[in-house]
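Me: I have a structure open and want to go through it piece by piece. Can you help me read it?

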Amino acid sequence: EPQLVEDVKCVLRVLVLYLPLPVWWALFDQTGSRWTFQATRMNGVVGNAGTIKPDQMQVINPLLILFLLPLFDKIIYPAFAKCNMLVKPLQRMTAGGILTASSFFISGFLELEMMKTYAKIPAVGFSDLHFMNNIPCHVSIQLTNGTGLIHEETINDLENMVLRDLEPGKYSLDMEVSSTCLPAILTKRTAQVEIMAHDKEVTPVFLGVDGGAVFPTVLDVHDDPEKDDGANGRLRVVYDMGNFGKSTNLTLKSPYE
């Protein structure tokens with residue numbers, strides 16, 4: 001019947017307005033999932049107001065609804081209406097959709113910045129080596145295995161270097177210090193040590209001095225680069241009481257104290 005066809009056309013025109021709704025609700029429900037997980041990796045400090053915990057944001061949403069409804073109805077919409085803006089419901093829905101999309105863009109850019117601070121953990125089938133140079137000299141290292149030379153690098157004095165994505169297995173490390181560095185202390189400038197790299201673990205190697213000889217040491221306890229549930233990092237202190245050791249006070253400070 002012509003009337004039925006016209007009614008169907010009217011319904012289809014109205015349904016177009018509801019097409020964004022599934023997408024909107026799918027994104028909105030992330031406030032209780034992905035956004036909460038993202039917040040667990042942040043400190044939650046809001047200036048002098050204190051700290052907001054990730055799950056506490058869920059309580060703020062209904063409070064914002066109770067506060068913003070009269071604010072928009074009595075102040076914001078009338079102010080825009082004087083400029084002939086946000087008068088119709090569709091205009092208000094469009095503005096709300098743009099603001100919602102903007103919030104997710106902000107969250108996405110925030111996640112990209114936070115990814116720079118995430119712990120780099122070896123994947124299955126790979127291993128990392130963490131070299132800690134405790135000598136005030138440039139140290140040249142060569143890492144080899146049964147297939148030959150794997151990596152060659154020069155580590156600056158008193159700096160660290162992490163060699164990533166190595167195959168688990170046995171390696172041989174050769175280290176060398178130039179003859180111009182610490183001529184009054186060092187009598188042996190080359191040394192070698194065997195390293196066993198384990199799957200999904202970070203093996204620490206301490207490059208130090210024992211007596212008058214350079215001395216690489218593979219530490220017994222593997223590094224743990226993962227953060228805890230509160231997004232706090234872990235600190236490991238390796239102290240050498242040898243030639244360059246001295247009494248030192250180590251103080252950890254936070255900018256939020």
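Me: Let's start with β6. Which residues are on its covered face, and which are on the uncovered one?
Reply: This is a predicted model, so keep that in mind throughout. In β6, the covered face holds A191, V193, I195 and A197. The uncovered face holds T190, Q192, E194 and M196.

Me: Why do the numbers skip by two on each face?
Reply: In a regular strand, side chains alternate between the two faces of the sheet.

Me: OK. How many bridges join β5 to β6, and do they run parallel or antiparallel?
Reply: The two strands run antiparallel, and 8 bridges join them. To find one in the viewer, start at E176: its bridge partner in β6 is T190. T190 is also one of the residues on the uncovered face of β6.

Me: New topic. In what order do the strands of the open sheet come?
Reply: The order is β4-β1-β7-β8, so 4 strands in an open sheet, with mixed pairing. The edges are β4, residues 160-166, and β8, residues 213-218. Each edge strand has a single partner, so one of its sides has no neighbour in the sheet.

Me: And how much are neighbouring strands turned against each other there?
Reply: On average by 20 degrees, with direction ignored.

Me: What about β1 and β4, in which sense do they pair?
Reply: Antiparallel, over 5 bridges. Strand β1 covers residues 127-133. For one bridge to look at, take F131, whose partner in β4 is M161.

Me: Switching to cysteines. How many disulfides are there?
Reply: The count is 1. The disulfide joins C137 to C181, with 1.6 Å from S to S. As background, a disulfide is a covalent bond between the sulfur atoms of two cysteines.

Me: Where do those two cysteines sit in the chain?
Reply: C137 is in the loop between β1 and β2, and C181 is in the loop between β5 and β6. They are 44 residues apart, so the pair links distant parts of the chain.

Me: Is that disulfide left-handed or right-handed, and why?
Reply: Left-handed, because the torsion about the S-S bond is about -75 degrees.

Me: Are C137 and C181 buried or exposed?
Reply: C137 counts as buried, with 2% relative accessibility. C181 counts as buried too, at 12%. The cut-off for buried is under 20%.

Me: What about C10 and C83, buried or exposed?
Reply: C10 is partly exposed, with a relative accessible area of 33%. C83 is exposed, at 55%.

Me: Now the rings. How many aromatic pairs does a search of the whole structure find?
Reply: It finds 5. One of them is W24 with W25: the ring centres are 4.8 Å apart and the planes stand at 90 degrees, so this pair is edge-to-face.

Me: Then how do W24 and F28 pair, stacked or edge-to-face?
Reply: Stacked, with 5.0 Å from centre to centre and 10 degrees between the planes. Both residues lie in helix α2, which spans residues 20-28. They are 4 residues apart, about one turn of the helix.

Me: So which residues make up the cluster?
Reply: W24, W25 and F28, linked by ring pairs.

Me: Are those three buried or exposed?
Reply: In between. W24 is partly exposed, with a relative accessible area of 32%. W25 is partly exposed at 45%, and F28 is partly exposed at 27%.

Me: Another ring: what lies over the face of Y77?
Reply: R92 does, at 3.9 Å from the ring centre.

Me: Last topic, backbone angles. Which residue has a positive phi in the loop between α4 and α5?
Reply: N84, with phi near 60 degrees, and it is not a glycine. Its loop runs between α4 (57-81) and α5 (89-115). N84 counts as exposed, at 62% relative accessibility.

Me: Why point that out?
Reply: Because most residues other than glycine have a negative phi.

Me: And what is the phi of K200?
Reply: K200 has a positive phi of about 60 degrees, and it is not a glycine. K200 lies in the loop between β6 and β7, the latter being residues 202-210. At 46% relative accessibility, K200 counts as partly exposed.

Terms used:
Residues are numbered from 1 along each chain as its sequence is written. This is a predicted model: local features need pLDDT of at least 70, side-chain atom pairs count only at pLDDT 80 or more; totals for chains, interfaces and linings use all residues. Side-chain values use heavy atoms; hydrogens and water are left out. Two strands pair if DSSP finds at least two bridges between them. Axes are lines fitted to C-alpha atoms, for helices over the stretch in contact, and angles run from 0 to 180 degrees between N-to-C directions. Rings of Phe, Tyr and Trp (its six-membered ring) pair if their centres lie within 6.5 Å; planes under 30 degrees apart count as stacked, over 60 as edge-to-face and the rest as tilted. Buried means under 20% relative accessible area, exposed over 50%, partly exposed in between (1.4 Å probe, protein chains only). A charge sits over a ring if NZ of Lys or CZ of Arg is within 6 Å of the ring centre and within 35 degrees of the ring normal. A disulfide is a pair of cysteine sulfur atoms within 2.5 Å.
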